[in-house]
Amino acid sequence: MPALTGLGLGLAVLGPGLAPGFVLSYDMVFVPDPSFTPMTFGLTGTVPRHVPSDAFVTALASVVPADAAQKLVLLAVFVMACASAASLVPSRRLLPRLAAGVCYTWNPFVAERLLLGQWALLLGYAALPWVLAAATGVNEPGGSRRLVRALVPAVIGGFAALTVSAVAALTAALVTGRTRAGLRVVAVVAVLSLPWLVPGLLRPAGMPEDGGAVEMFAARADTPFGTLGSLLSLGGVWNSETVPVGYGNPLSATFWLLLVLAALAAQATGLRRGAEAWSASRGIAAAGAAGFAVAAFGAVAAPVLAGMIDLWPGFAVLRDGQQYVAPLAVVVAVGLGTAADRAAGARLPLVPTGAVLAPLLLLPTLAWGAAGDLRAVDYPADWARARQIIEDDPVPGDVLVLPWAAYRSYPWNHDRRVLDPLPRYLRRRVIVNDAVTVQRAGEPVTVRPEDPRAVRLGRIIASGAPDAAALRREGVRYVVFDAEISASHIQRATTLLRSADLVVYRIDGTVPAHEARVSVASVVTVWVIVGAVVLWSILTAGISLSLPLLGSVRSITPRHPRRRAE
């Protein structure tokens, strides 16, 4: 039943996004007929944030149409989120478990990250309750295998999803099983991180480093209760454009905060379930507290985090702090389910029903594509024409995308901002400006580009209208304008396509540029290792598989005589 409820919630949220076509919003970029390219596996030397999520989507799109693949992935987020959170509530009653599932599936965190297009992060978020349950029992026989299976959605999601899950799992394991359990979690996460970790470490330009960008991505207040109050309410995303319509006004924000506080209080006072359940619940609560601390770190101690990133670029994974609120959402959801279960036991039948409905009533604008913001669209026909022209050309060379900005607001996408799709749309190496500019306190703040090719070409573009000769020396064969068409102009280049949506220029005589790439052998090796580990965890589960899609995870529900569900 929780899985079916999650499916219903997913259908309600996606709404117009379920029509034929693609939902394109910020980082959510799906394209028709995607292909496996060197970029898919992090081989080009760009930062491998899209590894292995792009590979998973491309593989899925080889089985079903690409737009259907997107819808399946998004619906899976809601199904898993509701089912996983419901599984942690120590009750056999249906309504308390549904209260936890609905709360975990329908809240400000999910809404803001969905509008930000971070479906890969949400994939890991959806399985996080299972991960925490597995982490609290990682020292038990088969515990490592259960943890591997529970982490599969986060592995697919990539570095952000796996990092959030790793922080939560490590905290829970250390609290419940101490050092040995923590080492097991570290070992499992280290192996499963290899598909994106190895390309990142072997990247010719090294790991990206920009400690000055901490304030850009730090959590911010989207309620009247300041940054910390917003994070406690499961909001606080850094991008003000991705806050749901109507969320954060004094009335709704107050009720959300009260709901969270009531759920936390119920969880804190409901831990007497036997030694095993107490230990697991304590580990999950610790993970929520640790996640909240990390989420607030960049907001309250930005200079410290910036200094840490300058010392070691790997600390940049903590920069987008609000994503670490995810473990707190698990604690809140389970707490709400616990409170509903107590009310049911006290013969207060309206309270469990109200607990199920409360998240929906407090955040109604998440429904119907987040009040119409998430709608399915079709790529213009000229995009397919441009791809045909470029892919039919046997002469090697790269594609430069202009205007020189990472995000686009296409009229055909209802002016919804989205990361430029051309790097995934074309099979050739596509160079875009990967610098990100964000408005903070009314002033634009920019994170410098990380792709070495973008850095070199950025200097040429900054000097004025690009000249074909300069681009030719950089290995550019095609220049594509996919926005601001009227301003398109490349001196001494051949125009192959000009329409209202695209302009394509060809530069003749291009000599392919030498570009240092990540070793193919190293990437193939790590994919084989990770695939073998996941396969081992599934095959050795035998007939005990009970966790949907992944296999069994240790239940923290205490054993007690069966009682009538209420």
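Me: What stands opposite Leu497 in S11?
Reply: Val504 does, in this predicted model. Leu497 belongs to strand S10, residues 494-498, and S11 covers residues 503-506.

Me: What makes S10 and S11 a pair?
Reply: Pairing takes at least two bridges between the strands. Here 4 bridges join S10 to S11. The cut-off is met, so the two strands pair. They run antiparallel. A hairpin of 4 residues links S10 to S11.

Me: Why is Leu7 called partly exposed?
Reply: Its relative accessible area is 32%. Buried means under 20%, and exposed means over 50%. The value for Leu7 falls in between, so the residue is partly exposed. Leu7 lies in helix H1, residues 2-14.

Me: Which nonpolar surface patch includes Leu7?
Reply: Met1, Leu4, Leu7, Leu11 and Leu18 make a patch of about 450 Å². A patch residue needs over 30% relative accessible area. Leu7, at 32%, passes that cut-off.

Me: How do you know that Leu151 is in contact with Val188?
Reply: Contact means heavy atoms within 4.5 Å. Val188 is among the contacts of Leu151 once neighbours within four places in sequence are left aside. The others are Val131, Leu162, Ser165, Val189 and Leu192.

Me: Where does Leu151 rank in the largest nonpolar core?
Reply: Leu151 is among the residues with the most contacts inside that core, along with Tyr104, Trp119 and Leu192. The core has 151 residues. Helix H6, residues 119-135, gives the most to this core: 15 residues.

Me: Which residues does the second core include?
Reply: Ile461, Ala468, Leu471 and Ile507 are among its 18 residues. This core is separate.

Technical notes:
Residues are numbered from 1 along each chain as its sequence is written. This is a predicted model: local features need pLDDT of at least 70, side-chain atom pairs count only at pLDDT 80 or more; totals for chains, interfaces and linings use all residues. Side-chain values use heavy atoms; hydrogens and water are left out. A nonpolar core is a set of buried Ala, Val, Leu, Ile, Met, Phe, Trp, Tyr and Cys residues joined through side-chain atoms within 4.5 Å. Buried means under 20% relative accessible area, exposed over 50%, partly exposed in between (1.4 Å probe, protein chains only). Patches are made of residues with over 30% relative accessible area and no salt bridge: like charges are joined within 9 Å, nonpolar side chains (Val, Leu, Ile, Met, Phe, Trp, Tyr) within 5 Å. Accessible areas come from the Shrake-Rupley method with a 1.4 Å probe; for residues, only the protein chains shown count as cover. A salt bridge is a side-chain nitrogen of Lys or Arg within 4 Å of a carboxyl oxygen of Asp or Glu.
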